[in-house]
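Me: Please take a close look at one strand of this model. Start from its pairing, then place it among the other local features.

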Amino acid sequence: MDRPDIQGAEGAAGTVSSIGIARLAGVGRAAVSNWRRRYADFPEPVGGTPTSPSFDLAAVEHWLTAQGKLPEVSAPDRAWREIAAASGGQDLGEALWLAGLMLFHRSVTGEASKAVPSPNSLAASVGRASRSAEELFREQLPDTWLPRHLVALSAAAGVAGDPAQIFERFYGLYLRARGATSDYVTPLRVARLMLSLTDAATSTSRSDRPVADVMDLACGTGSLLVEAARGGRDVRILGQDLDPTAACISQVRLMLTSAGPSAVIRVGDSLRADAFPGERVDLVVSNPPFGLHDWADDQLAFDPRWEYGGLPPRTEPELAWVQDALAHLRPGGQAVLLMPPVAAWRSAGRRIRGELLRRGVVRAVVALPVGLLPTTSVGLHLWVLRRPTDEKVADRVLMVDASRTEQVTAEAVIELAVPAWRSFESDPASVAEQTGLVKLVPVIDLLDEEVDLTPSRHLAMPEGEVRDPTELLASGEQVLKSLREVTQSLPALVPADQPKLPEVRGLSLDEIVRTGAIEIFRGYSRVSVDAEGASEPGVTGGDVVRGTGASGRAPRTAVRIEAGDVLVPTVGSSVLARVATPKQVGERLGQNVGLVRADPVHVDPWFLAGMLTAPTNRREATRQSSGTRDTVRVNLKRLQVPLLPIAEQRRYGEAFRRLVEFDAMVDEAAAETHRLVQDLTTALTRGSLVPESSA
């Protein structure tokens with residue numbers, strides 16, 4: 001059974017914090033506090049502080065097992081916990097690839113013992129399969145093992161099973177502990193999307209032969225290359241990355257896949273020091289770093305890679321990556337690059353973009369939805385490029401604006417973009433254009449003063465449909481009816497003879513947690529995904545404000561929202577709390593959102609949500625926040641609510657509920673009114689409606 005990883009919740013090796021215990025048992029932190037009070041035999045702290053104690057991990061596991069509170073733990077998970085604890089959070093990436101090397105060593109040598117080989121012997125076993133991999137690891141392996149190395153190696157040696165599956169599980173837990181905001185990680189869903197637009201997806205290149213080799217200029221931990229190698233075909237894999245740890249992880253992952261010995265990964269900056277000069281491949285697929293301020297343009301003025309428009313300006317490093325990719329392609333070879341949107345329109349890159357268009361290199365640009373990649377808050381672009389051949393130069397570019405799709409998923413983008421791309425490749429005349437979404441744009445139309453490749457600029461949205469005048473007038477009556485309903489929806493409130501609520505003692509949420517009446521869960525400050533893209537839709541702070549369903553992403557370890565849960569954005573302009581809507585129930589708790597789960601016997605959720613928005617809590621949040629006055633960071637534990645009998649709470653709660661409904665009705669009525677005004681204005685300008693005669 002899968003369980004949450006506890007890296008980041010542990011202290012010294014062999015100890016665990018209260019948060020770590022909660023994650024081990026799959027419960028909230030409040031439950032751990034309750035166990036400590038209720039059970040005399042609960043292990044005593046062995047370190048830490050009174051407010052943040054640490055416990056002996058073995059003793060805690062023994063107690064949880066005896067109480068039947070410890071979920072089943074798989075062997076790879078247990079081994080990873082040992083590896084993570086020994087590393088103490090430092091050099092975790094090194095521990096990961098060392099564990100992978102041990103798994104590979106056992107697979108090629110057939111050794112069943114848990115004995116740890118020397119660094120030299122480990123490198124030699126890699127050399128049996130791949131000399132290039134041996135060279136990479138000999139540069140990174142230590143001369144002698146440190147204690148943390150021995151733990152990683154012996155823990156991996158003790159796990160039985162398929163080495164590739166074990167290592168991918170280790171890799172997933174590594175990403176979950178580290179977070180996916182790293183530049184070295186391309187989520188699996190994005191990797192699959194990118195490869196779905198390549199010749200590799202159809203097993204043939206433009207020369208009607210299988211794609212023989214794939215290169216990634218900035219391979220990171222190898223997500224794109226591993227996915228390219230999963231098909232089981234005999235594909236030669238080449239990759240380079242500036243970060244040695246990422247390169248080693250990538251090499252191990254590829255060695256344990258079907259790519260095997262054919263994978264060659266090098267350490268270095270592909271722009272400054274190309275590890276594969278003169279190498280030509282069928283496919284380049286890459287998610288290169290964006291916005292480099294110093295990419296050595298002054299040292300590369302005469303580099304032969306600048307075939308299209310010459311040396312890119314210092315402010316256009318992304319176009320340097322484009323030319324680097326093209327320089328490594330055979331004629332007819334393909335490149336798919338993940339690009340920032342500014343590369344499509346920035347004025348400094350007009351010359352190069354124009355040359356790429358004139359020579360038929362740019363085949364398609366796909367605009368992606370915001371949120372598809374957790375490392376950025378903007379919608380990125382996919383550039384699909386092809387190195388020219390002697391054939392006729394392409395005179396059109398396929399533009400796809402997937403940022404307008406209703407669902408922020410890679411699957412939705414694939415469903416829209418891939419059929420259009422395949423039709424375009426086989427016969428451009430067969431492309432089914434969709435207004436605002438898919439269009440073939442003549443190259444001549446793109447070669448204007450700006451040379452803007454942004455899809456939305458060339459994909460005009462349809463004009464509003466002409467509505468029947470009688471239907472419009474009926475809509476006006478419906479809007480007036482809605483406005484009358486709004487005026488009747490306010491809850492009945494009366495002045496208090498003597499305000500008593502300010503005199504009622506307030507309790508902080510931290511104090512209420514100790515009573516067991518509520519639990520507090522925190523959303524992730526950054527979204528983490530594992531090797532299989534293990535993230536799910538997550539409710540964000542914006543979703544809480546709007547009352548809408550999940551628009552973000554959250555790890556599978558995040559808590560699921562239940563009916564009656566109170567959601568609080570932890571970053572915003574004020575303190576706001578809302579009871580979860582039906583659309584949010586069942587979804588994961590997303591980024592920067594706190595959740596308060598109340599026992600309805602003791603605490604009414606609507607009362608709790610209403611009282612949390614009190615001005616006193618706003619002042620407390622502002623006082624505790626650092627930064628601008630316009631943004632507050634909410635510490636849920638410090639927020640206070642008055643202590644009232646449950647019957648009184650429910651009376652107040654019903655009033656708060658109706659106020660929230662009133663607010664929603666006002667917003668809906670306002671939106672309907674604005675739409676009506678626009679439609680009536682359009683009807684007047686078109687002459688389908690005229691002012692009533694005053695005579």
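Reply: V566 has V596 as its bridge partner in β21. V566 belongs to strand β17, residues 566-569. β17 and β21 run antiparallel and share four bridges. Strands pair if DSSP finds at least two bridges between them. Helices (H or I, at least four residues) and strands (E, at least two) are DSSP runs, numbered from the N terminus.

The model is predicted: local features need pLDDT of at least 70, side-chain atom pairs count only at pLDDT 80 or more, and totals for chains, interfaces and linings use all residues. Residues are numbered from 1 along each chain as its sequence is written, and side-chain values use heavy atoms, without hydrogens or water.

Now the other partner. Strand β14 covers residues 518-522. β14 also pairs with β21 in the antiparallel sense, over five bridges. Here I520 stands opposite V596. V596 thus appears in both pairings: with I520 from β14, and with V566 from β17.

Next, burial. β21 spans residues 593-598, and six of its six residues are buried. Buried means under 20% relative accessible area, exposed over 50%, partly exposed in between (1.4 Å probe, protein chains only). Take the strand face by face. One side carries V593, L595 and R597. The other side carries G594, V596 and A598. Both faces are covered. R597 is among the buried residues.

Helix α21 is the next stop, at residues 605-612. This helix is mostly covered, with seven of its eight residues buried. They are P605, F607, L608, A609, G610, M611 and L612.

Another helix with such cover is α10, residues 188-196. Eight of its nine residues are buried, so α10 is largely enclosed by the rest of the structure. Its buried set is L188, R189, V190, A191, L193, M194, L195 and S196. R189 is one of them.

Two cysteines can be added. C219 is buried at 5% relative accessibility. C248 is buried at 0%.

Then the aromatics. Across the whole structure, a search finds 10 aromatic pairs. Take W80 and F170: their centres lie 5.9 Å apart, the planes meet at 35 degrees, and the pair is tilted. Phe, Tyr and Trp rings (for Trp, the six-membered ring) pair if their centres lie within 6.5 Å; planes under 30 degrees apart are stacked, over 60 edge-to-face, the rest tilted. What does this pair tie together? W80 sits in helix α4 (residues 75-87) and F170 in helix α9 (residues 163-178), so the contact joins parts 90 residues apart in sequence. W80 is buried, at 0% relative accessible area. F170 is buried too, also at 0%.

Compare a second pair, W421 and F424. Their centres are 6.0 Å apart and their planes at 50 degrees, so this pair is tilted. Both rings belong to helix α15, residues 410-426. W421 and F424 are three residues apart, about one helical turn. W421 is buried at 4% relative accessible area. F424 is buried at 3%.

One group goes beyond a pair. W35, Y39, F42, F55 and W63 form one aromatic cluster.

Back to the strand. β21 has β14 as an antiparallel partner over five bridges and β17 over four. Its two faces are covered.
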